[in-house]
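Here is a protein chain to work through by question and answer. Keep the sequence and the 3D view side by side.

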Amino acid sequence: MSVVDLVMPKLGESIMEATILKWHKKPGDPVKQDETVLDIATDKVDSEVPSTAEGVIESVLFNENDVVPIGTVIATIRVGANAAVSGSQPAAPAAAPQYEEAKVVEEIPYQPAHTVAAATNGQNGNAVKFYSPLVLNIAQQEGISMSELEQITGTGQEGRVSKKDILAYVAAKAGGHKPQQVTAPEVKVLPTAPAVEQPAVAPQQKPTVTEQPAYQAPTVYSGNVEVIEMDRMRKLIAKHMVDSKHTSPHVTSFAECDVTNLVLWREKVKKDFEKREGEKITFTPLFIEAIVKCIKKYPWLSSSVDGDKIIVKKDLNIGMATALPTGNLIVPVIKNADQLNIVGLTKQVNALANAARTGKLKPDDTTGGTFTLTNVGTFGSIMGTPIINQPQVAIMAVGAIKKRPMVIETPQGDSIAIRHMMYISLSYDHRIIDGALGSTFLNAVSKELEHFDVNRSI
């Protein structure tokens with residue numbers, strides 16, 4: 001019989017921590033390998049954590065709504081022939097005091113910073129309320145002061161305020177429902193306060209009060225307006241866009257390309273393709289195929305900047321901007337796109353797009369991108385000036401395909417014909433990509449699309 005550690009899994013290179021949403025198993029419960037033990041959430045997506053072994057849950061080391069660093073042990077699993085039997089033996093409760101003691105030690109660092117004289121549900125009136133880093137972060141972003149946070153009734157363990165509680169409070173506040181305010185009990189000082197009037201303690205308390213933002217009068221808007229509170233994803237998008245503009249000096253170049261061959265080929269094969277592969281072929285995998293071919297020729301387009309170093313990414317992971325039903329935007333990533341043929345790209349594009357729209361993306365599906373494609377033509381735009389998805393250095397936008405009369409050069413002379421035309425644009429980081437390289441790459445993609453083989457097989 002042995003004990004196996006269950007750790008918070010790695011969720012992508014840029015994700016350092018995750019929030020525990022719900023435990024599906026508790027100590028003493030049997031668990032099978034790959035069975036879901038708990039649900040977790042990051043800033044982008046929710047995910048499930050499966051068991052890495054078959055046995056009995058021996059201990060759970062974190063509570064729901066706790067924020068846990070990646071790689072931290074979150075539970076232990078007892079494995080072996082006698083695991084199920086030993087789970088019911090009297091010796092098992094001995095683990096409980098050990099866990100409680102560890103939990104108290106973990107909370108000690110947070111008490112000096114957030115010592116609040118507030119009554120908890122059925123607890124001692126002088127108990128100290130504990131707020132997880134996630135709850136405090138949400139409160140700071142939503143402009144909720146500590147005194148206002150204390151008014152929220154917690155539904156978590158020991159009356160703690162959970163993520164669900166504070167988001168419900170924010171939603172009620174945005175909807176015009178005025179939360180209950182109980183100011184008198186919260187302002188009163190604890191009975192022991194006069195005895196603590198010492199030079200060492202008084203300076204400690206004053207900065208703590210000063211750090212909490214005071215009530216700010218709401219901005220008054222003139223005229224007939226509707227004020228809509230941003231949801232958390234929209235706030236993250238806004239922050240990422242502003243950060244990108246502050247990080248990278250953006251330059252955008254444009255090109256016009258004749259995609260008649262590509263349009264005619266897709267029209268010719270789409271029914272047979274869907275019948276054979278069970279997937280609808282769109283223009284997106286064809287665009288990605290052309291992009292990865294050109295990145296092979298100009299590898300700096302798939303890179304990032306680290307101080308005064310240029311990090312060229314050999315793995316070509318292409319992100320594709322996808323609109324969500326909520327109106328927000330997410331960028332799932334096709335890993336190693338250069339190693340997939342047109343069938344593989346089509347299946348990856350469709351699978352990730354469907355997962356994004358149905359909220360089933362995994363954390364790893366949105367990380368590791370080295371170059372991004374956004375199709376602004378989907379919504380009728382003929383061109384766009386996209387913002388770079390950091391830490392990448394370039395992003396390409398493709399516009400709507402329109403039929404236009406064009407001058408065609410032939411050996412017999414010039415002629416006018418109706419062609420399928422499309423504008424493409426490339427925004428790039430001028431710190432490392434100059435206009436010559438950016439325009440050369442853009443025109444290489446344009447030529448790749450124009451010279452598409454209309455007779456190619458699926």
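Q: In which loop does Pro391 lie?
A: The model is predicted. In it, a cis peptide bond joins Gln390 and Pro391, with omega about 5°. Strand β17 covers residues 394-398, and strand β16 covers residues 371-375. Pro391 lies in the loop between β16 and β17.

Q: How many helices and strands does the secondary structure of the chain come to?
A: The chain has 458 residues, and 39% of them count as buried. Its exposed area is about 25,900 Å², with 54% supplied by carbon and sulfur atoms. The secondary structure comes to 12 helices and 19 strands.

Q: Of the contacts in the chain with a separation of 6 or more, what share comes from residues 24 or more positions apart?
A: Thr374 gives one example of a long separation: Ala321 is 53 residues away along the chain, yet the two C-alpha atoms are separated by 5.0 Å. Thr374 also touches Ala321. For the chain, the share from residues 24 or more positions apart is 62%.

Q: Is Thr374 buried or exposed?
A: Thr374 is found in strand β16. Its contacts beyond four places in sequence include Pro386, Ile395 and Met396. The cut-off for buried is under 20% relative accessible area. Thr374 has 15%, so Thr374 counts as buried.

Q: Which residue in β19 stands opposite Met396?
A: Met396 is one of the residues that Thr374 touches. Strand β17, residues 394-398, pairs with β19 in the antiparallel sense over five bridges. Opposite Met396 in β19 stands Leu426.

Q: How many residues lie between β18 and β19 in their hairpin?
A: Strand β18 spans residues 402-410 and pairs with β19 in the antiparallel sense. Nine bridges hold that pairing. Thr410 stands opposite Gly413 of β19. The number of residues between the two strands of the hairpin is two.

Q: Which residue in β19 is the bridge partner of Thr252?
A: β9 is another partner of β19, and these strands run antiparallel. Nine bridges join them. Thr252 has as its bridge partner Ser427.

Q: Where is the kink in α9 centred?
A: Helix α9 runs over residues 260-277, which is 18 residues. From first C-alpha to last, α9 reaches 24 Å, close to the 26 Å expected at 1.5 Å a residue. There is still a kink of about 50° in α9, and its centre is Val269.

Q: Which elements do the buried residues of α9 pack against?
A: An α-helix has 3.6 residues a turn, so residues three or four places apart point the same way. In α9 the buried residues include Leu262, Arg266, Val269, Phe273 and Glu277. The buried residues of α9 pack against β9, α10, α11, β19 and α12.

Q: Which residue follows α9?
A: Helix α9 covers residues 260-277. The residue after α9 has a positive phi, near 75°. That residue is Gly278.

Q: What span should the 16 residues of helix α8 have at 1.5 Å a residue?
A: Helix α8 covers residues 232-247. Its buried residues are Lys235, Ile237 and Ser244. The end C-alpha atoms of α8 are 22 Å apart, which agrees with the expected span of 22 Å.

Q: Which strands stand at the edges of the sheet β1-β8-β6-β3?
A: Four strands form this open sheet, and the pairing is antiparallel. Each edge strand has a single partner, so one side of each is left without a neighbour in the sheet. The edge strands are β1 and β3.

Q: Which residue of β8 stands opposite Val3?
A: β1 and strand β8, residues 73-79, run antiparallel. Six bridges join them. Opposite Val3 in β8 stands Arg78.

Q: How many disulfides does the structure hold?
A: Cys257 is buried, with a relative accessible area of 0%. Cys294 is buried too, with a relative accessible area of 0%. A disulfide would need cysteine sulfur atoms within 2.5 Å. The number of disulfides is zero.

Q: What is the relative accessible area of Asn65?
A: Asn65 lies in the loop between β6 and β7. Its phi is positive, near 80°, in a residue other than glycine. Asn65 is buried, with a relative accessible area of 13%.

Conventions:
Residues numbered from 1 in each chain as written. Predicted model: local features only at pLDDT ≥ 70, side-chain atom pairs only at ≥ 80, totals over all residues. Heavy atoms only, no water. Expected span 1.5 Å × (residues − 1). Bend = angle between axes of the 7 residues up to and from the residue. Buried < 20%, exposed > 50% of the residue type's maximum accessible area, 1.4 Å probe, protein only. Contact = heavy atoms within 4.5 Å. Areas by Shrake-Rupley, 256 points an atom, 1.4 Å probe, with all protein chains shown as cover. Pairing = 2+ DSSP bridges.
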